[in-house]
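The exercises below are meant to be worked through with the sequence and the 3D view side by side. Try each task before reading its solution.

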Amino acid sequence: MVKGKITLRTLIGKKKKGQKISMISTYDYLSARFCDEVGIDSLLVGDSLGMVFQGKESTVPVSLEEMIYHAKAVRRGAKKAFLIVDMPFMSYQVSVEQGLQNCGKVLKETGAEAVKLEGGEEIAPLVDKLVRAGIPVVGHIGFTPQSVNLFGGAKVVGRDKQEEEKLKRDFKALEDAGAFMVVLESVPSEVAKEIWESSVAITIGIGAGKHCDGQVLVFHDLVGLVEDIKPRFVKRYLEGAKLFKEALNRFKEEVEKGIFPSEEESYGR
Ligand code: KIV
């Protein structure tokens, strides 16, 4: 095993010691390498790649083969981080057998260490089977982007009593079925705190406030490459899009003026 490798045991140990877990959702070799080099604990190959990488409207059209392709690239860049792969829409909802087969395929072909599934009580039987088969599972509740058509758009989940109780039931069902980690997306901080206070599974927040065991952001959001949408929970640590465009403008100008390439970028005989 690579020195400093983050395993499931490392992550559970961090929760026990009250140490926060960092997670980044990303889709390619280079960004994965950057994350690994700075010691990000876990990488998620998120199906948000449907929007961020492919320019689609939602995560719904993303295929299993596309997830596997991106996960292999991320694995090549991330030697130490604990790697989780999102199971795309309709790759696990049809039946427990379908879910088992596809999750197994992802682990076998990508070198990832866990799969992430959206849903609560309804997927508990599959989670139980996966864990018994030796596949670590991450749950995802709150706003679940694969159900965007049902939600009618992005929303905060758990503001009313009924939604709050459903969230808590979903969390418990996932935990009881053996999920070792659950992502809470777009959940009021107070609700996330109450879930976290009695949790055994690791809670990872995205728009769920600070009372979680860890936090996840999408790489492209964090470095400011996504300009058109900025949910409240995104913090830009860099104005990447602005910097990229400045560089591209300079290149265009220098090509047009004959400044680039200079002698320095040219070969002699
Ligand atoms: O698809 C994704 O990137 C995700 C994270 C934002 C949690 O599910």
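The structure shown here is a predicted model, and the exercises begin with the meeting of its two domains, between which 1 salt bridge is counted.

**Exercise 1. Describe how domain 1 and domain 2 meet, and find the salt bridge that links them.**

Solution.

Step 1. Begin with the bounds: the domain assignment of the protein gives domain 1 as residues 8–238 and domain 2 as residues 241–269. The C-alpha centres of these two domains are 40 Å apart, and their contact involves 4 residues from domain 1 together with 4 residues from domain 2.

Step 2. Turn next to the area. The size of an interface is often given as the accessible area lost when the parts come together. For domain 1 and domain 2 this buried area is about 320 Å², and carbon and sulfur atoms give 62% of it. On the side of domain 1, Leu225, Glu227 and Leu238 supply 87% of the area buried against domain 2, which is more than any other three residues supply.

Step 3. Now look for the charged pair. Side chains of opposite charge can pair when their charged atoms come close. Here lysine 245 forms a salt bridge with glutamate 227, and their closest N and O atoms are 2.8 Å apart. Across the interface of the two domains there are also 2 residue pairs in polar contact, while the residues with which domain 1 touches domain 2 divide into 2 nonpolar, 1 polar and 1 charged.

**Exercise 2. Explain which parts of the structure are tied together by the salt bridge between aspartate 213 and lysine 15.**

Solution.

Step 1. Establish the pair: the structure holds 23 salt bridges, and in one of them the side chains of aspartate 213 and lysine 15 meet at 2.8 Å, N to O.

Step 2. Place both partners. Aspartate 213 belongs to the loop between β7 (202–206) and β8 (214–218), whereas lysine 15 belongs to helix α1 (residues 8–17), so the pair ties together parts that are 198 residues apart in sequence.

Step 3. Check the surroundings against the cut-off for a buried residue, which is under 20% relative accessible area. Aspartate 213, with 7%, is buried, and lysine 15, with 17%, counts as buried too.

**Exercise 3. Follow the salt bridges of lysine 168, starting with glutamate 164 and going on to glutamate 194.**

Solution.

Step 1. The side chains of lysine 168 and glutamate 164 form a salt bridge at 2.7 Å, N to O. The two residues are 4 residues apart in helix α8 (residues 161–177), and they are therefore separated by about one helical turn.

Step 2. Compare the accessibility of the two partners: glutamate 164 counts as buried at 11%, whereas lysine 168 is partly exposed, with a relative accessible area of 29%.

Step 3. Lysine 168 also meets glutamate 194 in a salt bridge, at 2.5 Å, N to O. Because lysine 168 lies in helix α8 and glutamate 194 in helix α9 (residues 189–197), this pair ties together parts that are 26 residues apart in sequence. Glutamate 194 counts as partly exposed, at 39% relative accessibility.

Step 4. Finish with a network of salt bridges that share partners, which joins Glu121, Lys166, Arg169 and Asp170.

**Exercise 4. Examine the backbone at methionine 90, serine 186 and proline 261.**

Solution.

Step 1. Methionine 90 has a positive phi of about 70°, although it is not a glycine. Methionine 90 sits in the loop between β3 (82–86) and α5 (96–110), and it is partly exposed, with a relative accessible area of 43%.

Step 2. Serine 186 likewise has a positive phi without being a glycine, with a value near 50°. Serine 186 is found in the loop between β6 (181–185) and α9, and at 11% relative accessibility it counts as buried.

Step 3. Lastly, consider a peptide bond rather than a phi angle: the bond from phenylalanine 260 to proline 261 is cis, with omega near -5°. Proline 261 lies in the segment after α11 (240–257).

Technical notes:
Residues numbered from 1 in each chain as written. Predicted model: local features only at pLDDT ≥ 70, side-chain atom pairs only at ≥ 80, totals over all residues. Heavy atoms only, no water. Domains from an automatic or database assignment. Contact = heavy atoms within 4.5 Å. Buried area = accessible area lost by both parts, 1.4 Å probe. Salt bridge = Lys/Arg side-chain N within 4 Å of Asp/Glu carboxyl O. Polar contact = N/O pair within 3.5 Å; in protein donor to acceptor, adjacent residues only side chain to side chain. Nonpolar A, V, L, I, M, F, W, Y, C, P; charged D, E, K, R; others polar. Buried < 20%, exposed > 50% of the residue type's maximum accessible area, 1.4 Å probe, protein only.
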